[in-house]
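User: I have a model open and would like to go through its fold. Please take it one question at a time.

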Amino acid sequence: MSPKSELNRFFPLVTYLFIIALCLGACGFGTNEGPGGEPKRTDKYTYNSERRDLNERVTKRPESFQGHSPDKYSLTATVDVSHVSGVDRISYEILVNGARVPMVNVIQSFTLDPEMMNRIDAGELFHSNVSNTYEISLEPDKEPLGLSLGRNYILKPKVEIDSDVIQRYADMYIKISYGPNDQRTEDYFHIQAEPSLRTIDYMKSWENEE
């Protein structure tokens with residue numbers, strides 16, 4: 001067989017392998033960015049590390065939480081109640097917005113007063129966006145303008161809960177971290193979530209039943 005015939009014989013195979021290599025390279029490259037071009041997270045934060053950090057601070061170092069608003073961004077917290085599918089639910093949401101400095105790879109986490117475990121039908125109180133695959137960053141006057149994180153819990157029946165919930169339900173312990181891996185800022189806050197009118201009425205009904 002002539003060299004030319006030999007080349008013609010293997011040309012389709014070489015072309016096929018080249019196309020596969022290009023596809024694999026493109027697929028690998030695509031996983032490093034999110035749908036909006038967000039870079040893939042490379043930090044060491046995990047669900048367990050965030051939960052452990054917050055829970056240990058709440059129980060052993062409550063003085064490490066700030067009671068005032070942050071200077072470099074705005075932080076708000078709200079709480080609402082609803083009656084869905086025959087059960088009472090309580091919902092919490094935090095919002096970081098109004099960034100006054102670039103905030104790279106924002107991670108939000110929160111938990112509630114530990115005593116709320118006796119009022120809520122849930123395995124744990126902790127919640128976080130730390131499971132996100134890609135970075136979410138905030139910059140002054142740029143989209144996205146804010147980043148929220150929320151969770152709802154099922155409240156136990158009123159007959160199983162004492163009225164102390166009125167004093168504890170709004171307590172939120174929050175951790176906000178941001179910045180490059182070697183210069184992370186970690187802020188801790190203990191704030192009172194702003195209750196909705198429904199929540200205020202719900203808690204008043206508790207008082208009336210006592």
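User: How many bridges join strand 6 to strand 7, and how do the two run?

Analyst: The model is predicted, so local features need pLDDT of at least 70 and side-chain atom pairs pLDDT 80 or more, while totals for chains, interfaces and linings use all residues. Numbering starts from 1 along each chain as its sequence is written, and side-chain values use heavy atoms, without hydrogens and water. Strands are DSSP E runs of at least two residues, numbered from the N terminus, and two of them pair if DSSP finds at least two bridges between them. Strands 6 and 7 run antiparallel, and the bridges joining them number 8.

User: Which residue of strand 7 is the bridge partner of isoleucine 176?

Analyst: Isoleucine 176 falls in strand 6 (171-178). Its bridge partner in strand 7 is aspartate 187.

User: Which strands stand at the edges of the open sheet?

Analyst: The sheet has 4 strands in the order 4-3-6-7, with antiparallel pairing. The edge strands each have a single partner, so one side of each lacks a neighbour in the sheet; they are strand 4 (127-128) and strand 7.

User: Which residues have the most contacts inside the largest nonpolar core?

Analyst: A nonpolar core is a set of buried Ala, Val, Leu, Ile, Met, Phe, Trp, Tyr and Cys residues joined through side-chain atoms within 4.5 Å; buried means under 20% relative accessible area with a 1.4 Å probe, protein chains only. The largest has 37 residues, and strand 6 and strand 7 are among the elements that each supply at least two. Those with the most contacts inside the core (heavy atoms within 4.5 Å) are Ile90, Tyr92 and Ile176.

Methods: Buried means under 20% relative accessible area, exposed over 50%, partly exposed in between (1.4 Å probe, protein chains only).
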